[in-house]
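User: I'm new to this structure and would like to learn how to read its features. Can you take me through them one at a time?

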Amino acid sequence: DRPNLLVVHVAGTNGKGSVAVKVAKMLQLCGYKTGLYMSPHISSFRERMQVNGNLVSESEVETLLPLIFQTCEREGIPG
C-alpha cells in the first residue's frame with residue numbers, strides 16, 4: 001500500500017538495539033524520516049517508539065494504545 005516505504009528489519013542474537021539506533025541515525029542524517037521500534041525499554045515504555053529520534057509523547061501513547069489493543073483483539077493477534 002505504500003510503495004515509497006522502506007523497512008530495515010534488524011535481527012540476531014546480540015547488538016540489535018545499538019545497530020537499529022545507528023542505522024536510524026544514519027538514515028536521518030541522509031534526510032530520511034525514520035521510525036524506530038525497539039524492545040525491551042530501559043526506563044520508559046515510550047523509549048520503544050521513536051520518530052526521527054524523538055520518543056512518542058505520553059498523550060500519543062494514551063491515544064493510540066487503546067486503538068492498538070482493539071485492533072489486536074479484533075484481528076486475533078495475541079498481546
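User: Let's start with charged side chains. Which side chains meet in a salt bridge here?

Analyst: The general idea is that side chains of opposite charge can pair when their charged atoms come close. This is a predicted model, and in it the side chains of Arg74 and Glu75 form such a pair, at 3.3 Å from N to O. The structure holds one salt bridge.

User: Are Arg74 and Glu75 buried or exposed?

Analyst: Arg74 is exposed, and Glu75 is exposed too.

User: Now for empty space. How much of it lies in the largest pocket?

Analyst: Rolling a probe the size of a water molecule over the atoms shows where empty space is left. Here, the largest pocket has about 830 Å³ of space. It is lined by 26 residues, and those closest to its centre are Val8, Ala24, Gly35, Leu36 and Tyr37. Helix H1 (16–29) and strand E1 (35–37) are the elements that each give two or more residues to this lining, and H1 has the largest share, with six residues.

User: What classes of residue make up the lining of the largest pocket?

Analyst: You'll find 15 nonpolar, seven polar and four charged residues there.

User: And what about the second largest pocket: how much space lies in it?

Analyst: About 250 Å³. Ten residues are not a lot to look through, so try these: of the 10 in the lining, Tyr37, Phe45, Leu65, Ile68 and Phe69 are the closest to the centre. Helix H2 (residues 58–75) gives the most to this lining, four residues. By class, the lining splits into eight nonpolar, one polar and one charged.

User: Let's move to the surface. Which residues make a nonpolar patch?

Analyst: Look for Leu64, Leu67 and Ile68, which make a nonpolar surface patch of about 260 Å². Leu64 sits in helix H2. A patch residue needs over 30% relative accessible area, and Leu64 can count because its value is 45%, which makes it partly exposed.

User: What about the backbone? Which residues does a cis peptide bond join?

Analyst: Check omega for that one: it is about 5° at the cis bond between Ser39 and Pro40. Pro40 lies in the loop between E1 and strand E2 (49–51).

User: Which residue other than glycine has a positive phi?

Analyst: Asn52 does, with phi near 50°. Asn52 is placed in the loop between E2 and strand E3 (54–55). With a relative accessible area of 32%, Asn52 is partly exposed.

Definitions and conventions
Residues are numbered from 1 along each chain as its sequence is written. This is a predicted model: local features need pLDDT of at least 70, side-chain atom pairs count only at pLDDT 80 or more; totals for chains, interfaces and linings use all residues. Side-chain values use heavy atoms; hydrogens and water are left out. On a 1 Å grid over the protein atoms alone, a cavity is a set of points where a 1.4 Å probe fits but cannot get out, and a pocket is an open set with protein on both sides within 12 Å along at least five of seven lines; lining residues have an atom within 4 Å of a point. Grid points are joined across faces, edges and corners, and a volume is the space filled by probe spheres set on the points. Ala, Val, Leu, Ile, Met, Phe, Trp, Tyr, Cys and Pro count as nonpolar, Asp, Glu, Lys and Arg as charged, and the others, Gly among them, as polar. Patches are made of residues with over 30% relative accessible area and no salt bridge: like charges are joined within 9 Å, nonpolar side chains (Val, Leu, Ile, Met, Phe, Trp, Tyr) within 5 Å. Accessible areas come from the Shrake-Rupley method with a 1.4 Å probe; for residues, only the protein chains shown count as cover. A salt bridge is a side-chain nitrogen of Lys or Arg within 4 Å of a carboxyl oxygen of Asp or Glu. Buried means under 20% relative accessible area, exposed over 50%, partly exposed in between (1.4 Å probe, protein chains only).
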